[in-house]
Amino acid sequence: MNRKSFVSKQNYLGRVVALWIIFAVCGKRPLTFVRGQDAIRLHTCEFIRQRLAPAEPKNDGKQTPMRGHPVFIAQHATGCCCRGCLEKWHRIPKGKELSEEQQEVCCRCFDGVNKAIIAVNIGFMNLTMYNPEIIKKAQPFQTEEGCLSLIGVRKCTRYKEIEVRYQDVNFKQQCQKFTGWTAQIIQHEVDHLHGQII
C-alpha cells in the first residue's frame with residue numbers, strides 16, 4: 001500500500017488522531033512547573049465552566065484559541081475545545097448545558113496524569129480510547145504503511161485481528177475486538193503512543 005492510498009483511506013474513514021500529553025513551554029520550563037499543577041487544574045475547570053459548559057456558548061467553535069495556554073492546546077488535542085467537537089468525539093450533544101459530571105470528565109483530560117489517547121472513526125461512529133492496550137493479536141501479515149510523520153512508506157508487520165483493552169469517554173474499562181483496516185489503524189496509532197513510527 002503506498003502513502004497516497006494509506007492517507008486517502010485515513011481521510012475516508014475520518015480523523016485518526018494519536019495524542020500525547022502536551023506541555024506549553026514558559027521559557028525553558030513547562031508551565032505546569034512554573035505555576036503548579038493545582039493552578040493549571042483550576043484554570044482548566046474555569047475554562048470548561050465558562051467557555052464550554054453553557055448550552056449555547058458564546059462564539060462556539062471559536063472560543064478556544066490554538067495557543068497561549070497549555071489548557072487551550074490540550075482542549076483541542078482531546079476534542080474538548082467546542083460543543084461541536086464534544087458532540088463529534090465524546091457524543092455529548094449540543095444545546096444542553098453540561099452537567100457537573102460531564103464538566104469533570106472534560107477537566108480530567110488535563111490533570112497531568114499520563115494518558116494515551118486515540119480517536120478512530122470506525123465507519124458509523126467515532127471511538128475515543130484512553131490508555132489503549134492491545135492484549136491479543138492473531139493472523140500476522142506483512143504490509144507497507146505510510147504515515148503523516150514520514151515521507152514514503154515502510155514495511156511492517158500487522159495483525160488482522162486484535163483485542164484492545166481501553167477506557168471509554170466515561171473512563172469505564174472496555175475490551176473490544178477489531179479486524180481488518182480498523183485493526184491496522186489502531187495498531188499504527190498505538191505504536192505512535194509508544195514512540196514508534198512504523
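Two aromatic rings of Phe, Tyr or Trp count as a pair if their centres lie within 6.5 Å. I start there because planes under 30 degrees apart count as stacked, over 60 as edge-to-face and the rest as tilted, and I will need that in a moment. The model I am showing is a predicted one.

First, the overall layout. The protein chain has seven helices and seven strands. In sequence order the pattern reads α-β-β-β-α-α-α-α-α-β-β-β-β-α. Of the 198 residues in the chain, 44% are buried. If you take the contacts with a separation of 6 or more, 60% of them are between residues 24 or more positions apart.

Now back to the rings. The structure holds one aromatic pair. The partners are Tyr130 and Phe171, with ring centres 4.7 Å apart and planes at 35 degrees, so the pair is tilted. This pair links distant parts of the chain, with the two positions 41 residues apart: Tyr130 is in strand β5, and Phe171 is in the loop between β6, residues 153-167, and β7, residues 173-179. Both Tyr130 and Phe171 are buried.

That loop deserves another look. Strands β6 and β7 run antiparallel and are joined by seven bridges. In β7, Gln174 is the residue opposite Tyr166. The hairpin has five residues between the strands, and Phe171 takes a positive phi there, near 60 degrees. So what else has a positive phi without being a glycine? Asn131 does, at about 50 degrees, and Gln139 does, at about 60 degrees. Asn131 sits in strand β5, which covers residues 126-146, and Gln139 is in strand β5 as well. As for exposure, Asn131 counts as partly exposed because its relative accessibility is 34%. Gln139 is also partly exposed, with a relative accessible area of 41%.

Next, the packing. Which residues have the most contacts inside the largest nonpolar core? They are Ile118, Met129, Val164, Phe178 and Ile186, in a core of 15 residues. The elements giving two or more residues to this core are β4, residues 117-121, together with β5, β6 and α7. Helix α7 gives the most, with six residues. To take one of the core residues by itself, Phe178 touches Leu127, Met129, Lys160, Glu161, Ile162, Val164, Ala183 and Ile186, leaving out residues up to four places away in sequence. There is also a second, separate core of 10 residues, and its members include Cys45, Cys80, Ile92 and Cys106.

Those cysteines bring up the obvious question. How many disulfides does the structure hold? Zero. A disulfide is a covalent bond between the sulfur atoms of two cysteines. The cut-off used here is 2.5 Å between the sulfurs. For Cys80, the closest cysteine sulfur is in Cys106, at 4.1 Å, which is too far for a bond. Seen from the other side, the closest cysteine sulfur to Cys106 is the one in Cys80. Cys80 counts as buried because its relative accessibility is 1%, and Cys106 is buried too, with a relative accessible area of 1%.

Last, two buried glutamines. Gln184 lies in helix α7, residues 180-193. Is Gln184 buried or exposed? Buried, because its relative accessible area is 5%, and the cut-off for buried is under 20%. The side chain of Gln184 makes a polar contact of 2.9 Å with the side chain of Glu145. Beyond its neighbours within four places in sequence, Gln184 is in contact with Phe141, Thr143, Glu145 and Arg158.

The other glutamine is Gln103, in helix α6, residues 100-108. Gln103 counts as buried, at 14% relative accessibility. Not counting residues up to four places away in sequence, Gln103 touches Ile48, Arg49, Ala53 and Leu98.

To recap: one aromatic pair, zero disulfides, a largest nonpolar core of 15 residues and a second, separate core of 10. The residues I would keep on screen are Phe171, for its positive phi in the hairpin of β6 and β7, and Gln184, for its polar contact with Glu145.

Terms used: Residues numbered from 1 in each chain as written. Predicted model: local features only at pLDDT ≥ 70, side-chain atom pairs only at ≥ 80, totals over all residues. Heavy atoms only, no water. Helix = DSSP H or I, 4+ residues; strand = E, 2+ residues; numbered from the N terminus. Buried < 20%, exposed > 50% of the residue type's maximum accessible area, 1.4 Å probe, protein only. Polar contact = N/O pair within 3.5 Å; in protein donor to acceptor, adjacent residues only side chain to side chain. Contact = heavy atoms within 4.5 Å. Phe/Tyr/Trp six-rings, centres within 6.5 Å; stacked < 30°, edge-to-face > 60°. Pairing = 2+ DSSP bridges. Core = buried A, V, L, I, M, F, W, Y, C linked by side-chain atoms within 4.5 Å.
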